[in-house]
Amino acid sequence: MIIKMLIGAVIGGLSGYIYYKKVGCPSGSCPITSNPYSSTIYGALMGLMISNSFQQCIITICL
């Protein structure tokens with residue numbers, strides 16, 4: 001269970017960083033995507049929440 005959550009956080013963090021590199025915010029006015037650290041942390045948190053929601057969905061049979 002913990003490993004799946006960590007994998008989700010790592011995948012989310014990598015996705016956030018890739019989003020920063022590919023899309024980003026050239027003007028610097030975007031609070032999340034203008035900084036690689038914030039986009040990586042945001043992506044990791046999103047990945048953690050998504051992996052946790054799948055975990056809960058499997059346990060409760062997604063009703």
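**Exercise 1. Place Ser 39 in its surroundings, starting from its side-chain contact with Pro 36.**

Solution.
Step 1. A polar atom of the Ser 39 side chain lies 3.1 Å from the backbone oxygen of Pro 36. Test this against the definition of a polar contact: N or O atoms within 3.5 Å, where, within protein, one must be able to donate a hydrogen and the other to accept it, and residues adjacent in sequence count only if both atoms are side-chain atoms.
Step 2. Ser 39 sits in helix 2. Helices (H or I, at least four residues) and strands (E, at least two) are DSSP runs, numbered from the N terminus.
Step 3. Ser 39 is buried, at 3% relative accessibility. Buried means under 20% relative accessible area, exposed over 50%, partly exposed in between (1.4 Å probe, protein chains only).
Step 4. Set aside the neighbours within four places in sequence; Ser 39 is then in contact with Gly 16, Tyr 17, Tyr 20, Ile 32 and Thr 33. Contact means heavy atoms within 4.5 Å.

A note on the source: this is a predicted model, in which local features need pLDDT of at least 70 and side-chain atom pairs count only at pLDDT 80 or more, while totals for chains, interfaces and linings use all residues. Residues are numbered from 1 along each chain as its sequence is written, and side-chain values use heavy atoms, with hydrogens and water left out.

**Exercise 2. Describe the aromatic pair of the structure.**

Solution.
Step 1. The structure holds one such pair. Its members are Tyr 17 and Tyr 20, with 6.1 Å centre to centre and 40° between the planes.
Step 2. Classify the pair. Rings of Phe, Tyr and Trp (its six-membered ring) pair if their centres lie within 6.5 Å; planes under 30 degrees apart count as stacked, over 60 as edge-to-face and the rest as tilted. The pair of Tyr 17 and Tyr 20 is tilted.
Step 3. Locate the pair. Both residues lie in helix 1, three residues apart, about one turn of the helix. An α-helix has 3.6 residues a turn, so residues three or four places apart point the same way.
Step 4. Check accessibility. Tyr 17 is partly exposed at 39%. Tyr 20 is partly exposed at 24%.

**Exercise 3. Check the span of helix 1 and find its buried face.**

Solution.
Step 1. Helix 1 covers residues 2–22, which is 21 residues. The expected span is 1.5 Å times one less than the number of residues. That gives 30 Å, and the end C-alpha atoms are 30 Å apart, which agrees.
Step 2. The buried residues in helix 1 are Met 5, Gly 8, Ala 9, Gly 12, Gly 13 and Gly 16.
Step 3. Seen down the axis, they fall within an arc of 135°, so they line one face of the helix. The arc is that of the directions from the helix axis to the C-beta atoms.
Step 4. The face turned away carries exposed residues, among them Ile 3, Lys 4, Val 10 and Lys 21.

**Exercise 4. Characterise the disulfide and the loop residue Ser 27.**

Solution.
Step 1. A disulfide is a pair of cysteine sulfur atoms within 2.5 Å. Cys 25 and Cys 30 are joined, S to S 2.2 Å.
Step 2. The link of Cys 25 and Cys 30 is right-handed, with 65° about the S-S bond.
Step 3. Cys 25 is buried at 13%, whereas Cys 30 is partly exposed at 28%.
Step 4. Ser 27 lies in the loop between helix 1 and helix 2 (36–60). Ser 27 is exposed at 61%. Its side chain makes a polar contact of 3.0 Å with that of Ser 29.
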